[in-house]
Each structure stands twice: as structure tokens, then as C-alpha cells.
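Trainee: I should like to learn how to read the features of a protein model. May we go through one together?

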Amino acid sequence: MNLSKSKVLVFDLDGTLYEDTHHFDYQAARLKEKLPESKQDLFEKDYRAAKIGEHPLIIGRIFDVVNDLILVQLDNIVKEAYQWNGNPLSQEEIAKLYPSKIELDFEKMLNVGDPWWISMSIAAHYGMEYKVSYQAFLETREYMMSPQFVMEPIPGFKDALKAVHEKRDLVLLTNSPEPDSEAILQKLGLHEIFALKIFNGEKPTKTVDRFEQIKDHFQVSYDEIVSIGDNWINEIRPAKSLGCSTIFIDAYRLGDETFADLVVQRMSEVIPYLKNIN
Ligand SMILES: [Mg+2]
């Protein structure tokens with residue numbers, strides 16, 4: 001992949017600009033304590049199983065809260081469906097339940113596109129409402145803002161990105177709220193390099209609108225924009241469909257090389273491409 005044609009680089013925040021993961025256990029603990037006591041051990045058991053990949057709830061899938069089913073989809077068409085215990089549904093049952101495209105949201109049809117949504121989906125399975133689980137998310141973000149949350153920098157990344165900032169426009173596009181995102185950017189030393197920052201981005205629902213906004217803002221074409229993120233459904237698939245270049249941080253090895261123009265497991269692998277921008 002050659003980034004020399006690019007004019008605007010759009011970065012996701014969580015799981016993209018940093019690789020730390022220890023806050024996911026913190027979030028799981030906040031969710032667990034908000035469940036009725038009778039459900040807490042079940043939650044814990046599912047969370048542990050999902051963490052080691054021994055659960056049908058896998059990153060890259062969808063959790064249908066209303067039907068309590070775990071789905072595999074492509075472009076919003078359901079291809080496979082599993083009960084919580086892993087039993088698959090037949091194609092007839094799938095056709096009956098999902099005759100048309102599903103609509104992803106944050107309450108009923110959850111995109112388990114990154115680890116944030118593993119514990120959130122398990123909590124939803126045990127009956128937690130979104131407004132309660134969102135509270136656990138906010139408490140986690142609060143923790144991440146505090147000095148207790150020590151972040152491990154990606155070696156060489158900050159300097160590489162600062163050098164790119166001299167030559168290209170950099171955009172932050174995150175689903176997270178502003179105060180905690182800004183605090184995290186400060187911790188990473190990346191708070192002054194973005195020409196445009198979009199918080200509460202509502203990806204994937206509004207990904208296409210956001211990229212249109214970015215295209216208009218910088219007066220560029222889609223093929224001059226690069227989308228870089230760790231959530232395939234949120235920031236890679238829709239950006240690719242618009243004609244943007246894409247870099248997928250596939251930390252959990254969900255896809256293959258066709259999933260983006262460049263597929264890497266860690267951001268450190270992107271650094272040589274950033275250094276080649278002149
Ligand atoms: Mg992310």
C-alpha cells in the first residue's frame with residue numbers, strides 16, 4: 001500500500017491510536033456489579049469464555065438483544081445465527097427471522113466489532129438495559145481519564161504521526177465522548193495534531209455521513225481519504241464502499257487480506273507506511 005496519494009488520514013481512537021486492553025476487565029466488573037446477584041456468576045463465566053474465544057459471542061459478530069441470538073452478517077444480511085449456547089439456527093429459521101436487512105443500533109442490534117461490546121452484549125443477554133450498561137461504559141472512561149490508568153505507548157508511533165501531521169490533514173473520528181477522548185489523546189501526546197475531531201461519531205450508522213462531511217470539509221475526493229481503524233463494520237467496510245483507502249487493525253484476526261487495502265495486527269506495522277509519506 002502506498003499512502004502518497006492520500007490527503008486526509010482518518011483515525012479511530014480506541015484500539016487504533018492505542019493498544020491497551022486492561023480497561024476491558026474494568027468495564028466488565030462495572031457491568032457485573034450492576035446485574036442482579038443471581039446473574040453475576042453467569043456473566044463472569046460468559047465473559048471469561050468469550051475472552052479466550054470459547055463462546056459463540058465473538059468479535060465481528062452481532063448480538064440481537066430482542067431474539068437473544070448471535071449473528072454473522074455481511075452488509076446487514078444475516079448469514080448465520082446461533083443461540084447463546086452455540087446451537088446454530090437452520091437457514092429456514094434465519095430466513096423467517098431476518099427476511100430483510102438488519103439495522104445495527106446501540107440498544108437492540110449490537111455490533112460486537114470490538115471488545116467494548118463483548119461485555120456489553122453479555123450484560124444485555126442477562127437483561128441489562130442500555131442506559132445502565134452505558135453508565136458502566138462512562139465509569140470506565142472516567143477510569144481511563146484518571147492517573148490510575150497507565151497507557152503503554154506504541155513505540156515510534158507518536159513521532160511518526162507527528163511527522164505526517166506536517167504533510168497531511170489528520171482527522172479523529174470516534175464513537176466515544178469528547179472529555180475522555182481528549183484526556184486519552186493528552187496521555188498519548190496526540191492532542192494537537194488533528195485538524196478535525198469528531199466525537200460521538202455514531203459509527204456504523206453514520207459512518208457514510210461522517211466521511212461525506214470529511215470529504216466536503218477538506219475539499220478532497222474519497223480516494224484521497226484513508227480510513228484507519230480496528231472495527232471492520234464501523235470504519236473499514238463503509239469507507240471502502242465509498243472508495244476510500246482502508247487500513248484495518250485486525251488485532252483479533254477476524255479477516256483476511258481482502259478485508260482492507262492493508263490488514264495488520266498492530267498499529268506498529270503501519271509505522272513504515274506513515275514514514276513513507278512525503
Ligand atoms: Mg476502535
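Mentor: We shall discuss a sheet, a metal site and a pair of helices in turn. This is a predicted model, in which local features need pLDDT of at least 70 and side-chain atom pairs count only at pLDDT 80 or more, while totals for chains, interfaces and linings use all residues. Residues are numbered from 1 along each chain as its sequence is written, and side-chain values use heavy atoms, with hydrogens and water left out.

Trainee: In what order do the six strands form the open sheet?

Mentor: Helices (H or I, at least four residues) and strands (E, at least two) are DSSP runs numbered from the N terminus, and two strands pair if DSSP finds at least two bridges between them. Here the order is E7-E6-E1-E8-E9-E10, with parallel pairing. E7 (196–198) and E10 (262–264) stand at the edges with a single partner strand each, so one side of each lacks a neighbour in the sheet.

Trainee: Which residues donate to the magnesium ion?

Mentor: Donors are N, O and S atoms within 2.8 Å of the metal (3.2 Å for Na, K and Ca); water is not among the atoms, so sites may look incomplete. The protein donors are Asp12 (OD), Asp14 (O) and Asp230 (OD), 2.1 to 2.2 Å from the ion. Their spacing along the chain is D-x1-D-x215-D.

Trainee: How many bridges join strand E8 and strand E9?

Mentor: E8 (residues 225–229) and E9 (residues 245–249) pair in the parallel sense over four bridges. Serine 227 has threonine 246 in E9 as its bridge partner.
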